[in-house]
Amino acid sequence: MLLRYLSVISFSFLLLLIACSPEQSEVIVAEHGKYKISIDEFENAYAKNVGSVENAENSSLQDYYDFMDLYVKFKMKLRDAEVRGYKTEPELEEELANYQLQVGVSYLIEKEIIEPGLKDLYEKRKEELRVSHLMIRPDSTGLEGAMANAAPILDSIKNGASFEEMVKKYSQDQFSAPSGGDIFYVTAGLLPLSFDDAMYKTNAGEVYAEPVQTKYGAHLIKITERGPRVPKIKASHILISYFNPEGQMDSAAALLTVDSLVAELKAGVDFDELVLKYSDDTGTKNKDGDLGFFERRMMVKEFDEVAFKMEVGEISDPVQSNFGYHIIKLTDKMEYPSFEEERENLKKLFEKQRYQVEYDNLIDSLRVKYNYSLNDVTVDLLMEKSDSVRFGMEYPNLDLVKDEVLFTYAGKIVTAGEFLFKVNSTGTFTGKAIFVRDEVMTAVNKVSEDLLKEEEALNLDKVNAQFASLM
């Protein structure tokens, strides 16, 4: 048997992990009895086993052979179990159903929320945007009032008023207002979600069509630049400080020194030699001025703005900052990382900024899909008959409420008694007051969303071919 599939596989692996034509996808790489394993099936199984297609592409031929041996034996064992009638054993059926619930819920979150979210974030972060904003903070009327106050300002801008002048006149962001609202270069995942989404829908030179609400207030957003993002650069510099050796500020002397430095550079003197001769940055002076790799916004704005527009090997004109004059030499640029290299960073950004919104959207869609309906009368009854007890304690009037329908979904009924049992079993809400509506509703929402996810998990293999294959 082993010889049979090894002889077939020796040339078939030349096709692996390449975009296959329909004919190629039907290539058989192994057989056991009358059953065959196609190249498509094997590719998918191998990629899952090693974590991704990218990892699979970097595997050796020996890795493929070793996995094929395991995979064929695995398929033969599955077939043997099927012949022995495992599908008719109640205990195993229950075990498989429980497994499908556990795996299905995790799969649902991963495939419906996390994976598409990370890929969207990855693609967006290939680009950086220079953004300006006008911010109106909430007053006694709250966020609604801030949005209302921002609307007529936006109307004025649409009618020809200068965005920058409106910023200086109205913006309550004291840090960006003096510079026309400029908040410098940003990329996806760094700002509040509503702001982030709005800026990526706006072309360079345009103002977003509506005020945008965040927890900080109302924002009018203008995009001044959009372009490819360089994740990190490496640079060296020579710093000419404004302060003389006695610690006194002498900007005129600093300007004379930097002019001498520029003249020597033009005469062909080596940059590294001039670092030792002139630089006042004691931290980098003995390292040829090397600052290492850094991202946007890690250096002062004036330095950052020049350095990220340079090419490797280029030396800048003098750049003035609060520290003095800088002469910058760009020594390297980092390429945009692969998705797998960036995955962990993307997950942190996604979980902080987007996960909860996408999770709530999924739950809302499941409530619609499975016709979720809450019985408010039963909620009121639960509170009324609670005698001021809390979750985790014995409910005093259980017989009066236990059979009342609390909510329904997918043709199923959850009674108040079942709800109390589920809540008290988890311990998540122990100590929360059953007589406080907000706390009861938080528990109801948690129990119902868990059941909705499980319902979807039990149906995944019917609508999702990849999950069906996994099962």
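User: Where does S388 sit in this model?
Analyst: Keep in mind that the model is predicted. S388 isn't inside a helix or strand run here; its place is in the loop between α15 and α16.

User: And is S388 buried or exposed?
Analyst: The cut-off for exposed is over 50% relative accessible area. S388 comes in at 51% relative accessibility, so the label is exposed.

User: What is phi of S388 near?
Analyst: S388 is a residue other than glycine, yet the sign of its phi is positive. The value is near 65 degrees.

User: Which loop holds D387, and what is its phi?
Analyst: D387 lies in the loop between α15 (376–384) and α16 (398–401). D387 is exposed too, with a relative accessible area of 53%. Although D387 is not a glycine, its phi is positive, at about 55 degrees.

User: Switching to H237: is it buried or exposed?
Analyst: H237 belongs to strand β7 (residues 233–241). Buried means under 20% relative accessible area. H237 has 5%, so it counts as buried.

User: Which side chains make polar contacts with the side chain of H237?
Analyst: One contact, at 3.2 Å, joins the side chains of H237 and H326. Another, at 2.8 Å, links the H237 side chain to that of D281. The names you want are H326 and D281.

User: What charge does the surface patch with E89 carry, and how accessible is E89?
Analyst: E89 is in the loop between α5 (61–83) and α6 (90–124). E89 gathers with E91, E93, E94 and E95 on the surface, and the patch charge is negative. E89 itself is partly exposed, with a relative accessible area of 40%.

Definitions and conventions: Residues are numbered from 1 along each chain as its sequence is written. This is a predicted model: local features need pLDDT of at least 70, side-chain atom pairs count only at pLDDT 80 or more; totals for chains, interfaces and linings use all residues. Side-chain values use heavy atoms; hydrogens and water are left out. Patches are made of residues with over 30% relative accessible area and no salt bridge: like charges are joined within 9 Å, nonpolar side chains (Val, Leu, Ile, Met, Phe, Trp, Tyr) within 5 Å. Accessible areas come from the Shrake-Rupley method with a 1.4 Å probe; for residues, only the protein chains shown count as cover. A salt bridge is a side-chain nitrogen of Lys or Arg within 4 Å of a carboxyl oxygen of Asp or Glu. Lys and Arg count as positive and Asp and Glu as negative; His and the chain ends are not counted. The place of a charge is taken as NZ of Lys, CZ of Arg, CG of Asp or CD of Glu. Helices (H or I, at least four residues) and strands (E, at least two) are DSSP runs, numbered from the N terminus. Buried means under 20% relative accessible area, exposed over 50%, partly exposed in between (1.4 Å probe, protein chains only). A polar contact is a pair of N or O atoms within 3.5 Å; within protein, one must be able to donate a hydrogen and the other to accept it, and residues adjacent in sequence count only if both atoms are side-chain atoms.
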